[in-house]
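Please look through the sequence and the model shown below before reading on. The report takes up a few parts of the structure in turn, beginning with a single strand and its partners.

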Amino acid sequence: MSTSDQETKLYVPSEAAVKAAHVSGMDAYRKLCDEADADYEGYWARLAREFVAWKQPFTQVLDESNAPFFKWFADGTLNVSYNCLDRNVEQGRGDKVAIIFEADDGKVTRVTYNELLTQTSQLANALRSMGVKKGDRVVIYMPMSVEGVVAMQACARIGATHSVVFGGFSAQSLRDRIEDAGAVMVITADEQMRGGKQLPLKAIVDEALSLGGCDTIRNVVVYQRTGGKVAWGARDKWLHDVVAGQAITCEPEWVEAEHPLFLLYTSGSTGKPKGVQHAGGGYLLHAALTTKWTFDLKPEDVFWCTADIGWVTGHTYIAYGPLANGGTQIVFEGVPTYPDAGRFWKMIQDHKVTIFYTAPTAIRSLIKAAESNADVHPREYDLSSLRLLGSVGEPINPAAWEWYHLNIGGGRCPIVDTFWQTETGGHMITPLPGATPLVPGSCTLPFPGIMAAVVDETGKDVPWGQGGILVVKKPWPSMIRTIWGDPERFKKSYYPADFQGKYYLAGDGAIRDAKTGYFTITGRIDDVLNVSGHRMGTMEIESALVSCTELVAEAAVVGRPDDTTGEAICAFVVLKRPRPTGEEARQIAKQLRDWVGKEIGPIAKPKDIRFGDNLPKTRSGKIMRRLLRSIAKGEQITQDTSTLENPAILDQLSQSN
């Protein structure tokens, strides 16, 4: 049901949806928010006892004694794998399908909770037999697979801290993460399948380890996905060999709630990636809670999050949240356009998916495909099983929201437009489908218990309707605990002195609707780009370009809006030779794109590369990136350029292609 006025189109939950929902109506939402306002610690303690099975119950809820290094449920002990697997088996769900895996070629495998527990226990025993112990770090560089989820769960089971690296990252990026984490093992595959192509993983691991700085690695365990030929060394072991003969039960390692469950590296505004550290107790609570409330997950649902386990969305809403709720979910190896752009819709039809969670980039690219080829239009498929849609990774523009709602959801499915980050562990601002009236393009209201606000540079609340900086005023259980090995960077990045170290700085701008108070995210306030929902530091890309020493003298990277990826990478490059034009410029641009792809990964390749004799700089030598952003967008330069040392360069860069 929808109503509209001149300003806002409002989609109100149906009476049936309200009645059936876990959080039923706005009164129920407000009641939860009021409970958190009245007794913040009591609210989270109640939910922690309800959603998490504790070996040793906690007596202290929030420890603020060493702020901003907050601790939650610190004297409690638990095991995350036990919560996701054993608990479901003990409650009679052992024969329930936990994962429906669809391979790139369409082959389907179903894995029950009993089977998932057995596989996890055998790998956990194998890891222990190879000397991996509580607190050790294990890097996982795997394709989307049941084995990838099992690897994460097995680490959690023995108290090892996993660090998953997306399979599209380069050898250099992988090496940097292995070295920073001090990992003792890499779990990988011979190759991965994407879009009908075999892509190397083991070879990239070998290259990463050959670059130096990875002396802590003792073993490389390899899942045989394709049977492709790989080099083999003394530390290499096949996954099927190490689990053969292992016991099918494994006593969990009961760890304290603050024990690091995982590190996940995310781009910062400096070149070095940040190892975001999450603690098991608080993270598991929020993963389970948001999966149940935001997606209104029911026992009969078939849930599908299309993210990769290499990103936080694949951690929270594949590896942990759905399993902690005893859900059935899809794990998909392939890409949405293979063998054609109807792949997602065919899978929803075949598996009778009820909840579908994907990124605006995927939606926008599939809109283009559907409009150019009627055969892959969603109307050609039976999508009637769907009851809920979700969006993640970046703000979804209203036009894409409306198309998603009408063509995928048949005009009947609510869309939960979720705002959150690697650092937050789970949803922070999101509609609840049986409660929140929806506005296309707005992530609406904070999840109950999340104290989000929009403030100015001094930390003072700004009036509704006025843009500002998004902050969270109180710590919450699933928040980042620190940056691995760099507590000062953690404080500087997330609890800056500008706000007296009191508020969590999200790094995004936001505005609240003057009437409803609904939040809309307006974009990053730092030098981090959001490309297809993936955060890329501009400094990281600039460093990669400049490392091509034979060609590049200087580089500056900015973002510009893009219809498909949300934001596109635009690089301005000064070469160590005269500025190229025409075909020469195109050839060098391709060479540099390929270079960045090798240094960081394909996702970091600039869409636009412009060459100039130099870059716009102030007299003190600072590159004026705000001017480059205007040029990248094709805007007329209206800003003050009086401090520029070389204003004529703006005309050159504006004309350069």
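## A covered strand and its partners

Strand S10, which spans residues 185-189, is mostly covered, for five of its five residues are buried. This is a predicted model, and the description that follows should be read with that in mind. In a regular strand the side chains alternate between the two faces of the sheet. In S10, Met185, Ile187 and Ala189 point one way, while Val186 and Thr188 point the other way, and all of these residues are buried.

Strands of a sheet pair through backbone hydrogen bonds, and this pairing can be either parallel or antiparallel. Strand S8 (residues 137-141) runs parallel to S10 and is joined to it by four bridges, and in this pairing Tyr141 has Thr188 of S10 as its bridge partner. Strand S13 (residues 219-223) also runs parallel to S10, with five bridges joining the two, and here Val186 stands opposite Val220 in S13.

## An antiparallel sheet

Another part of the model holds an open sheet of four strands, which follow the order S23-S24-S26-S27 with antiparallel pairing. Its edge strands are S23 (452-455) and S27 (519-524), each of which pairs on one side only. On average, and with direction ignored, neighbouring strands of this sheet are turned by 45° against each other.

Within this sheet, strand S24 (residues 468-472) and strand S26 (residues 504-512) pair in the antiparallel sense over four bridges. One position to find in the picture is Gly468, whose bridge partner in S26 is Ala510.

## The annotated N-terminal domain and a helix pair

UniProt, in an unreviewed entry, places the feature "domain: Acetyl-coenzyme A synthetase N-terminal" at residues 29-84. In the model, the end C-alpha atoms of residues 29-84 lie 27 Å apart, and the span is 48% helix and 11% strand.

Two packed helices are described by the angle between their axes and the distance between the axes. Helix H3 (residues 40-51) packs with helix H10 (residues 280-294) at an angle of about 85°, and their axes are 10 Å apart. Because angles of 65 to 115 degrees count as roughly perpendicular, H3 is described as roughly perpendicular to H10. The residues that meet are Tyr43, Trp44, Leu47, Ala48 and Phe51 in H3 and Leu285, His286, Ala288, Leu289, Lys292 and Trp293 in H10.

## Two buried residues

Is Phe70, in the loop between strand S3 (62-63) and strand S4 (71-72), buried or exposed? Its relative accessibility is 6%, and therefore Phe70 counts as buried. Leaving aside its neighbours within four places in sequence, Phe70 is in contact with Leu62, Asp63, Glu64, Glu258, Pro475, Met479, Arg481 and Tyr495. The C-alpha atoms of Phe70 and Pro477 are separated by 8.8 Å, although these residues are 407 residues apart along the chain.

Arg177 has its place in helix H7 (residues 171-181), and with 3% relative accessibility Arg177 counts as buried. A polar atom of the Arg177 side chain lies 3.0 Å from the backbone oxygen of Ser173. When neighbours within four places in sequence are left aside, the contacts of Arg177 are Val165, Phe169, Tyr265, Pro273 and Glu540.

## Annotated positions and helix H18

The UniProt annotation "binding site", again from an unreviewed entry, covers Val546 and Val552. Val546 lies in helix H16 and counts as partly exposed, because its relative accessibility is 33%, whereas Val552 lies in strand S30 and is buried, with a relative accessible area of 2%. Not counting residues up to four places away in sequence, Val546 touches Val552, Glu554 and Ala555. On the same basis, Val552 touches Leu545, Val546, Val573, Val574, Leu575, Lys576 and Leu592.

Helix H16 and strand S30 also appear among the partners of helix H18. The buried residues of H18 (residues 625-633) are Arg625, Leu627, Leu628, Ser630, Ile631 and Ala632. These buried residues pack against helix H16 (538-546), strand S30 (552-562), strand S31 (566-575), strand S32 (608-611) and helix H19 (648-655). Just after H18, Gly634 takes a positive phi of about 80°.

Methods: Residues numbered from 1 in each chain as written. Predicted model: local features only at pLDDT ≥ 70, side-chain atom pairs only at ≥ 80, totals over all residues. Heavy atoms only, no water. Buried < 20%, exposed > 50% of the residue type's maximum accessible area, 1.4 Å probe, protein only. Polar contact = N/O pair within 3.5 Å; in protein donor to acceptor, adjacent residues only side chain to side chain. Contact = heavy atoms within 4.5 Å. UniProt positions renumbered as here; feature names shortened; annotations may be inferred. Pairing = 2+ DSSP bridges. Axes fitted to C-alpha atoms, helices over the stretch in contact; angles between N-to-C directions. Parallel < 35°, antiparallel > 145°, perpendicular 65-115°, else oblique.
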